Amino acid sequence: MASHPGFHSLHEETATSLPVTGSLPAWLTGSLIRNGPGAFSFPTGTSVDHWFDGFAMLYRFTFDPASGAGPADEDRLHYRNRFLRTDAHDAARRGEFEGGFATGETTLRSRLAAFLTDPYDNTNIIAERVDGEYVALTESPRKVRFDPNTLDTLGHVEYDDGLAGHLSCAHLKRDPSSGVLVNVETAFGRRSQYHVHATTPAGKRRHIGSVDTDKPAYMHSFALTPHYVVLTEFPFRLDPRRFLKPGRQAPFIEQFEWEPDRGTRLIVLDRTSGAVVAEPVTDALFGFHHVNAFERNEGSELVFDLETVPDATTIDSLYLEHLRAGELSAIAGRIERFTVDLGSAGRRRRYGIGEPTVSRELLSEDGTALPTVSPSRWCRPHRYVYAMGMDTPVTEWAQRILKLDTRTGALKAFDEGGEYFGEPIFVPAPDAEAEDDGVVLTVALDTTANRSRLLVLDGETFSERARITLPHAAPFDFHGRYFPELRAASPA
Ligand SMILES: [Fe+2]
């Protein structure tokens, strides 16, 4: 079987200072922290079957532009990578790892333990700052704290406020106007519910509302606007009665079943009252990433961009045996815009007429993965979406990154510095007026040199400003966040 680059294990942990080719903007003085599956097998014999089950590795890229102090003063990048020392990682190193998201059979005891007493902690999806602490997240409600300077693992965060579910969206959504972080947790049981929470910058977690469901859907993210939370309940559902039956069963994700006849329910919650104000149903579809959402027409319309795929076979495609064999057919998504007209359910009821409706618009024909927008546009109207670019039909991993102008449909592509690219992250320039005034950060894999490379692109022109070659080839990862406060040689 051919082995596709980018799905290898990286056991080397590094901390080094690297030269920059090109030049960094003087204002780019923070750090990008990325998270992803760093290893898929260990010498103890532990190995995992699915890309989502690789063991969490954090990467910190700290920009250190020259201060202009002298001729020897040059731009530097301080780079560090480190595994999270989670319970799952410890078990893998001991050869005792029992299973994750899509690896290993489960027993009722192990299923209950994973959801109740000992939640899964292989938090390999993203890093966030929550209540002044840096945490790594996955779809379990158990978060892992780490030191943002050393990347040392510090412990777990578990809430004892009675609001926790058994599954959590990996992607929290932040409302920049208040700093509030919203999340959705799913509780399975005789009565299954989605619980929506808001965490204030002071760390207080508040229950916004809960929604009953007969069979919880797999939801990796959701949409947040200034006044509403929109849950996209895809018809990829888990029957809690089956899950709680005794006996050996397939891994967790294989418990979900595709039920296209149900369509996709869009559950609109009012962020203040917690009430479900609308729940229109649209076509059966699936997706991982809500790109951004906002309100229009005085709050009577909610608009969200979602990367969609026709069904949930994408998850099967991400088994390592398929990825390593280059069988990538179902992993490209498309950016679609959904508009929910709240009708008479809207806050401004006097303007609204009739039942809530949903419309769907394809923003680009091009295949995409891991789409993002400028954080300055979260919860506000955005124009540009950045994403990995995939050929459709997919024959290869992303060989470029894209900048999509949602207003005109125009695309810019960048494909230099390596053959394969990861999620692009936009960093706005301080005091930027134009939405694309800033830089785009992405990690490319150069298979000839067997090295990964961090690329810094100009946000407007999408041309290269700087590149930094890392001391190794990093496996493909999931998500990154730029933290302006994490500066070179300074406390967090
Ligand atoms: Fe994600």
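**Exercise 1. Find out which residues lie nearest the centre of the largest cavity, and what kind of lining it has.**

Step 1. Start with the residues themselves. In this predicted model, 20 residues line the largest cavity, and W51, F288, H289, L318 and L370 lie nearest its centre.

Step 2. Now look for the elements behind them. Four strands each give two or more residues to this lining: β22 (286-296), β23 (301-309), β26 (367-372) and β27 (384-390).

Step 3. Sort the lining by class. You should get 13 nonpolar residues, 6 polar ones and 1 charged one.

Step 4. Add the volume: there's about 290 Å³ of space in there.

**Exercise 2. Do the same for the second largest cavity: what is its volume, and which residues line it?**

Step 1. A search of the whole structure turns up 6 cavities of 30 Å³ or more. The second largest has a volume of about 120 Å³.

Step 2. Its lining is made of 16 residues, with V443, A474, P475, F476 and D477 nearest the centre. Strands β4 and β32 (438-446) each supply at least two lining residues.

Step 3. By class, you'll count 12 nonpolar, 2 polar and 2 charged residues in this lining.

**Exercise 3. Work out which atoms coordinate the iron ion, and which geometry the site has.**

Step 1. Pick out the donors. They are the NE2 atoms of H171, H220, H289 and H479, at 2.1 Å. You've met H289 already, as one of the residues nearest the centre of the largest cavity.

Step 2. Check the angles among the 4 donor atoms: they run from 91 to 161°. A tetrahedral site needs all angles between 85 and 135 degrees, so this one can't be called tetrahedral. The site is irregular.

Step 3. Write the donors as a spacing along the chain: H-x48-H-x68-H-x189-H. The pair H171 and H479 links distant parts of the chain, 308 residues apart. H171 sits in the loop between β10 (167-168) and β11 (173-175), while H479 is in strand β35.

**Exercise 4. Place β35 in its sheet: what is the strand order, and which strands are at the edges?**

Step 1. Trace the open sheet of 5 strands. The order is β1-β5-β4-β3-β35, and the pairing is antiparallel.

Step 2. Look for strands that pair on one side only. Those edge strands are β1 (14-19) and β35 (479-483). From one strand to the next, the twist averages 20°.

Step 3. Zoom in on one pair. β4 (residues 55-64) and β5 (residues 76-83) are joined over 8 bridges in the antiparallel sense. Here R60 stands opposite R80 in β5.

Conventions
Residues numbered from 1 in each chain as written. Predicted model: local features only at pLDDT ≥ 70, side-chain atom pairs only at ≥ 80, totals over all residues. Heavy atoms only, no water. Pairing = 2+ DSSP bridges. Axes fitted to C-alpha atoms, helices over the stretch in contact; angles between N-to-C directions. 1 Å grid on protein atoms, 1.4 Å probe; cavity = no way out; pocket = protein on both sides within 12 Å on 5 of 7 lines; lining within 4 Å. Points joined across faces, edges and corners; volume = space filled by probe spheres on them. Nonpolar A, V, L, I, M, F, W, Y, C, P; charged D, E, K, R; others polar. Donors = N, O, S within 2.8 Å, 3.2 Å for Na, K, Ca; no water. Tetrahedral: all angles 85-135°; square planar, octahedral: opposite > 155°, others 65-115°.
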